[in-house]
Amino acid sequence: MAVRKTRTSDLQSVLDVLRSYHFKLLDPVNGGVVDENFGDIISLRNHACELDLGNAFVAVHGDQVVGFAHYERQGETTVKQTLMSVLPEHHGRGYGVKLQKALMDEAYARGAKKLITATDNPKAKAWYQKKFGFIVIGTEPVRHRLHFLRSGDRIIWGIHYGFPGEKTLSIMSCDLEKFFDGRQKG
Ligand SMILES: CC(C)(COP(=O)(O)OP(=O)(O)OC[C@H]1O[C@@H](n2cnc3c(N)ncnc32)[C@H](O)[C@@H]1OP(=O)(O)O)[C@@H](O)C(=O)NCCC(=O)NCCS
């Protein structure tokens with residue numbers, strides 16, 4: 001089991017991992033939707049999130065990419081985790097924890113003091129709380145996010161539409177100094 005920075009050549013496998021977590025690809029050039037079923041979209045956020053593979057990690061099982069985590073900077077000392085997904089058939093094997101640790105290590109090493117994330121998945125919410133000490137700092141109605149990713153001269157668009165039926169997004173925060181300080185003290 002390994003976690004490493006994402007490479008350009010991982011692109012298709014990363015999209016497969018994201019698809020398994022309700023991420024639908026759009027194809028504006030050919031007139032719309034690559035993946036079907038947008039029935040669960042409630043509303044879109046008013047800005048798109050750029051996926052930068054330089055700010056991302058993959059989990060690898062043999063030579064298969066089975067997990068992906070991405071973050072973006074939000075000011076001097078805050079980072080936002082925008083995507084976190086492990087293929088369902090590999091859940092519960094420690095990949096998520098390893099990915100999350102790699103992301104938090106890098107964000108902290110780059111000067112971040114606070115890590116924010118948002119989830120509409122009750123299981124993930126409990127996981128962030130138990131394993132990493134996240135606290136819920138607010139809730140808001142689910143609004144889905146448009147993402148885009150540059151690949152050479154192509155731009156790939158997708159919508160992350162979350163969990164069917166979930167209407168509340170929990171906004172969560174992790175105090176990285178507290179987390180790493182606690183870890184040093186054992
Ligand atoms: C959330 C997610 C990333 C977790 O990844 P994972 O690889 O299944 O998690 P891991 O196997 O690394 O986690 C194992 C640990 O978490 C604990 N755990 C698992 N599910 C838990 C839960 N619902 N609540 C609390 N702890 C939980 C396990 O007991 C285990 O702890 P241990 O290390 O002390 O034994 C994964 O389930 C996922 O991709 N879900 C769908 C997408 C999603 O919701 N993403 C996050 C929101 S943006």
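**Exercise 1. Classify H22 by its surroundings, then describe its backbone.**

Step 1. In this predicted model, H22 has 19 other C-beta atoms within 10 Å. A residue is buried if 20 or more such atoms lie within that distance and exposed if 12 or fewer, so H22 is partly exposed.

Step 2. Locate the residue: H22 belongs to the loop between α1 (11–19) and β2 (23–27).

Step 3. Read the torsion. The phi of H22 is near 55°, a positive value in a residue other than glycine. Most residues other than glycine have a negative phi.

**Exercise 2. Determine which residues of α1 are buried, how they are placed around the axis, and what they pack against.**

Step 1. The buried residues in α1 are V14, L15, V17 and L18.

Step 2. These residues lie on the same side of α1, because the arc they cover around the axis is only 160°.

Step 3. Their packing partners are β2, β5 (56–61), β6 (64–73), β7 (78–86) and β11 (154–160).

Step 4. Relate this to the largest nonpolar core, which has 32 residues. L18 is listed with F68, A69 and A107 as having the most contacts inside that core. At least two residues of the core come from each of α1, β5, β6, β7, α2 and β12 (168–175).

**Exercise 3. Trace the strand pairing from β1 to β7.**

Step 1. Start with β1 (residues 2–5), which pairs with β5 in the antiparallel sense over four bridges. V3 has A59 as its bridge partner in β5.

Step 2. Continue to β6: β5 and β6 run antiparallel and are joined by six bridges. Two of the matched positions are F57 opposite A69 and A56 with H70. The hairpin of these strands has two residues between them, and G62 takes a positive phi near 65°.

Step 3. Go on to β7, which runs antiparallel to β6 and is joined to β6 by seven bridges. Here H70 has L83 as its bridge partner. Four residues separate the strands in this hairpin, and G75 in the turn has a positive phi of about 90°.

Step 4. Check the burial of the strand between β5 and β7 in this trace. Of the ten residues in β6, seven are buried, so the strand is mostly covered by the count used here.

Step 5. Take A69 as a sample position. Beyond its neighbours within four places in sequence, A69 is in contact with A56, F57, Q81, L83, M84, L99, Q100 and L103.

**Exercise 4. Describe the shell around the ligand.**

Step 1. The shell comprises 19 residues, of which H91, G96, V97, A124 and A126 come nearest.

Step 2. Sort by class: eight are nonpolar, seven polar and four charged.

Step 3. Sort by element. β7, α2 (95–109) and α3 (122–132) each supply at least two residues. The largest share, six residues, is from α3.

**Exercise 5. Summarise the chain as a whole.**

Step 1. Count the elements: the protein chain has four helices and twelve strands.

Step 2. Of the 186 residues in the protein chain, 30% are buried.

Step 3. Consider contacts with a separation of 6 or more: 70% of them in the protein chain are between residues 24 or more positions apart.

Definitions and conventions
Residues numbered from 1 in each chain as written. Predicted model: local features only at pLDDT ≥ 70, side-chain atom pairs only at ≥ 80, totals over all residues. Arc of directions from axis to C-beta. Contact = placed C-beta atoms within 7 Å. Near = placed C-beta within 6 Å. Nonpolar A, V, L, I, M, F, W, Y, C, P; charged D, E, K, R; others polar. Core = buried A, V, L, I, M, F, W, Y, C linked by C-beta atoms within 7 Å. Pairing = 2+ DSSP bridges.
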